[in-house]
Amino acid sequence: MTGGGRRAQRLVNFCNKVEIYDTLHTHTSENGVCSDKICHGSLMNIRRMKAVPRSSSEVLRQAKEFLKEYYVSLKKSGSAEEEARWQEVVTSVEGRGTYRLTRSELQYGAKLAWRNAPRCIGRMQWTRLELFDARDVTTPQEMFEILCKHIEYSTNGGNVRSAITVFPERVPGRRDFRVWNQQLIAYAGYLNNDGSVTGDPAYVEFTQLCEGLGWKGKGSRFDVLPLVMSAPTGEPEWFDIPDDIVLRIPLKHPKYDWFSEMGLEWFALPAVSSMMLDVGGVQYTGAPFNGWYMSTEVASRNLCDAQRYNLLQTFGEKMGLDTSTNVSLWKDDVNVEVNKAVLHSFEEAGVTLVDHHTASESFIQFMSNEQRDRGGCPADWVWIVPPISGSITPVFHQEMSLYYLKPAYEYQEPAWEDFARYNRGTAILSPSQLFRKVALTVLFASSLYRKALARRLRVTILYATETGRSQLYAHNLSQALKRYFNPEVMNMKDFPVNETSFEGHTVMLLLASTTGDGDPPLDGENFIRNLYEQKHAEFNKNIINSSDNATQPNFTKDNMSDFNEAYEQYKISSTKSARVPYEKTEKNERNECKEGKKKSRGGLMRMLQAVVWGQKTADSTLSGSRTASDSSVQPAGGLRFAIFALGSTKYKYYCLFGKYLFSLLEECGAHSLAPLTCGDELNHQEQTFNAWVDNIVKVLGEEMQVEVAQQSSMINVEELTANRVRLTSSPFTKSSLEKSLSQVHRKSVFSCPVLESTMLFDHGDRWTQLLVLKVGEEAEAEESLYSPGDHVGVFPHNSPTLVSSLLNRLSSPYLGEPVKLEVRLGKDMHWETDPRLPPATLRELLTHYLDLTTPPSPAFLLMLAAHTTHTPHVRRLTNLAKDYKKYQEWRAWKWPNVLEVLEEFSSVRVDAGVLVAALPLLQPRYYSISSCPAFHRGELHLTLSGVQYCTQDGTGPVHRGVTTGYLKEVTPGNQVHLFFKSAPTFHLPEDLSLPIIMVGAGSGVAPLRGFWQHYHYLRRTKGVTTGSLTLYYGCRTEEEDLFNQEKWNMVRQGGLTRHRVALSRTPHLPKMYAQDLLRVYSKEVYKELVEEGGHLYVCGSQALSDGVSSALQNILMEQGRLTTQQSAVLLASLKGEGRYHEDIFSTRLA
């Protein structure tokens, strides 16, 4: 509308047919937002006030109108008092361009502005607005202190009161007082590397701005943002709002128990802080005010809007609704139930909240009152009608007029833009630049942020994983880096290696796990292969382009080793040299130079340098390339990298993939930021990783000259005390174990009831168990949760006896109630919830989430030394922690669990919170599935081998595997928690006509059992014709020949073609192992594997893997008349073609 219309506006209520005539709009001189040809009524932030002081004449015009209305309200219109006041105002405005309202005038103006607010449905209470007059503050610190009082007053223990705080007015020639937050209380939004958001997406950019100013959130979904404020002088400052004044309401549903388990919450106080209070021509740019929530604001908008927490789909699925079609009206059902949950939660917490029906009825009454008292009521129908139940609320049927009156609450330019404009001049930014570039301009004015941001470096984090551990570490690394750098997390499989893919990637941090028989994870295979091939392709191109090709080695396909052969040769060399976890040192480099181990650093790296740095390449020939140990390489000379290799010393090829990747990158000419670091699954891998992260942050800071704070991103175990960590009562209802494990380990965890537990044999110290679990319904095979050959990760339970004994040694007031772990990184910092663990009782934490059986690390021993005053114990613990040799001897001799360590050092008195923080997470154990889903519908079988023994050469306490020990005691009806892990490299081939050779020993028969059951199902049920399926199986005695009867039945029924057994511990018979059977039937093996293109599957220990590899090489040499080198190449080719499959496990206590 325009401001020209002066006729009464007819408004109809179509529900009750009542007509009214609005005449109040004739008194406004404010222009609307619409034109004669277009309506802008549905635009969001309209009428945004410019950050320009008003002219004196305009101030006086508005002041005259306001004072007239004010004195009318006092019934003193035309009085001498009014005239005297007017002369004061004129004098002030003519002298300084503005004037100061009296407290009474300001209070009246603030209330009237609420009364005039056309978008507010809750104006019935406009006369009850409390004023906090803060017009005498001078600093952000004073602003913050007053706002804390405002929050406390208005929250009022849940009985919310309306209030407004008014800071100094706008004055010409002076920068404004501003609160930068849109609302006083809001939740942070953290943008993840995959584009998702943790927290509230509406506040992603403001969260980034806060982080740029130095604030660091916890990274959870409900982190309260700090208050950011600026005064006329100085830089913007941020302040954390004290937790005890923010009233949070855990959300629950009166009917659905799962609702509370989602861990949702909202705050009690909606306080808008970005709008301007415009009264009597005076503009108060800092004027936060609050009312109370209407349920739909929290439920329908904040939780369910797609651009906010976006939980509509999640709620619908949990309610069991059909979300695949709009016809089911599932969205409507969800909206109603979420509103019920919010209303129920606020009511139960005793916090003020109004439902949308009551609010609508209240507004209709307010509108009627205003029509009677003022002749009209400005109202924005688009905003007044609630977001749900529109037509069943009375406001839907009421016509409204949208116009604008003064005093008013007005939208204004973002605070950071005003700040930038004042500091940088009056250049206006385009809409596309509104936040990002303006925020940078603003924050560049802060010297602290300028130093950090100007050098912010893009860091690419690549991971390759089988179990998910590398991925978890990658995201933890990203969290540690993001304060100083710009990290990006990617799976190696998503990073193409070609001539242009490295453009812009100047620093790479790689997390590389080793699987199977020293192989790369499936995610990393293409990356390492392509990197290898790209290196040689670029090398050959350089040779071809050389001016003296005759003198160069001819690196053609005929004599160039392909990747498979190169990797196999690297394996062989790694075992021959008895490599230990390789740590690059100056001594190593000198030795490499002495031995003449020169590495080409030509093709790929010169390409990278040209792409990334725009440099001219050096000599393109081998003779002109540098060695990997060339100390003259400058940091800007090309790609810089560091690798954290994950592995386990229980395997022969420990961390081989990481070592090879490190070597290959150096051959390409990349410069290592730090020595290769190997993390041993058996030796405190998580602590090794944390130390590596701290070092990487430090090294990158030094190279990029970024001032990295000395404060570690986590508290070191040895520094844990009751002053830094604590257990406190958790306000949230604990979730089910299934959901909590899913959150902690980022897996989709299933709770599977035990159907059957059978001991296949039990010799006391050794046993093998068949465990049958129920998994879902008896679905068709193609709908199954797993395929033959897949694995499961089983979550163990610590022994109840161990947990109870440990609890008896700990003191905590929270033994029987859910607790949360809180940490404090510095003595002057706030307590923050540790997201690593879910709310649970202390017993549950020790039983399900924390590793009690792995021998404590040296850092853990140092922590214990700080918790005893007994000198001999302090000395012994310190010596063990600092003398690696003594520690390893003590660890190997006793292999002590946490309780045994505390018993050995009985003087230690450690707080329960400290112990919980110091213990690593209890990790899942992986097992091959021992069944076929089509053969055993709705079931999952596990074949488990367990051992127990006495430490200290048989004189110490009895130990056994934490998982196999736990599973040995389960009975039908118990629940086992697990997740499925696909093993595509150990699946049966698509071409089932090919012959299959299976080699297994002991419980290594587990996945092979799934294969023969699958073949039986295909042949007998589906009528499929398959190739041969031959089993070569090794065990100690006939008694330990697992599934012997089933195997012979399968031979008779066609599931198995041949079944051959080797016994290694039977009296009066020579020792024979499974690999020996291959030699006995060498002609048959050669024919099926080489001539007929068959597949070989090996499952068992590292010793079996080595034995089979050796036997096959001999067979290839004998039957194929190949040389040793040719047979090795053929073996590598079999693996490269995906016809040589291995599932290798260890004898580690699981």
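**Internal cavities and the environment of Glu-337**

The largest cavity has a volume of about 80 Å³. The structure examined here is a predicted model, and a search of the whole of it finds 2 cavities of 30 Å³ or more. The lining of the largest cavity is formed by Pro-53, Arg-54, Val-59, Gly-97, Thr-98, Arg-170, Pro-172, Gly-281, Val-282 and Gln-283. By class, these lining residues comprise 4 nonpolar, 4 polar and 2 charged. The charged residues are Arg-54 and Arg-170, and the nonpolar ones are Pro-53, Val-59, Pro-172 and Val-282. Gly-97, Thr-98, Gly-281 and Gln-283 make up the polar part of this lining.

For the second largest cavity, the volume is about 30 Å³. Gln-183, Ile-185, Ala-186, Tyr-187, Asp-200, Tyr-203, Trp-266, Phe-267 and Arg-308 line this cavity. The lining divides into 6 nonpolar residues, 1 polar residue and 2 charged residues. Asp-200 and Arg-308 are the charged residues, and Gln-183 is the polar one. The nonpolar residues include Tyr-187, Tyr-203, Trp-266 and Phe-267.

Glu-337 was considered separately. This residue lies in helix H9, which spans residues 330-349. Glu-337 is classed as buried because its relative accessibility is 14%, under the cut-off of 20%. When residues up to four places away in sequence are left out, the contacts of Glu-337 are with His-253, Tyr-256 and Met-319.

Technical notes: Residues numbered from 1 in each chain as written. Predicted model: local features only at pLDDT ≥ 70, side-chain atom pairs only at ≥ 80, totals over all residues. Heavy atoms only, no water. Helix = DSSP H or I, 4+ residues; strand = E, 2+ residues; numbered from the N terminus. Buried < 20%, exposed > 50% of the residue type's maximum accessible area, 1.4 Å probe, protein only. Contact = heavy atoms within 4.5 Å. 1 Å grid on protein atoms, 1.4 Å probe; cavity = no way out; pocket = protein on both sides within 12 Å on 5 of 7 lines; lining within 4 Å. Points joined across faces, edges and corners; volume = space filled by probe spheres on them.
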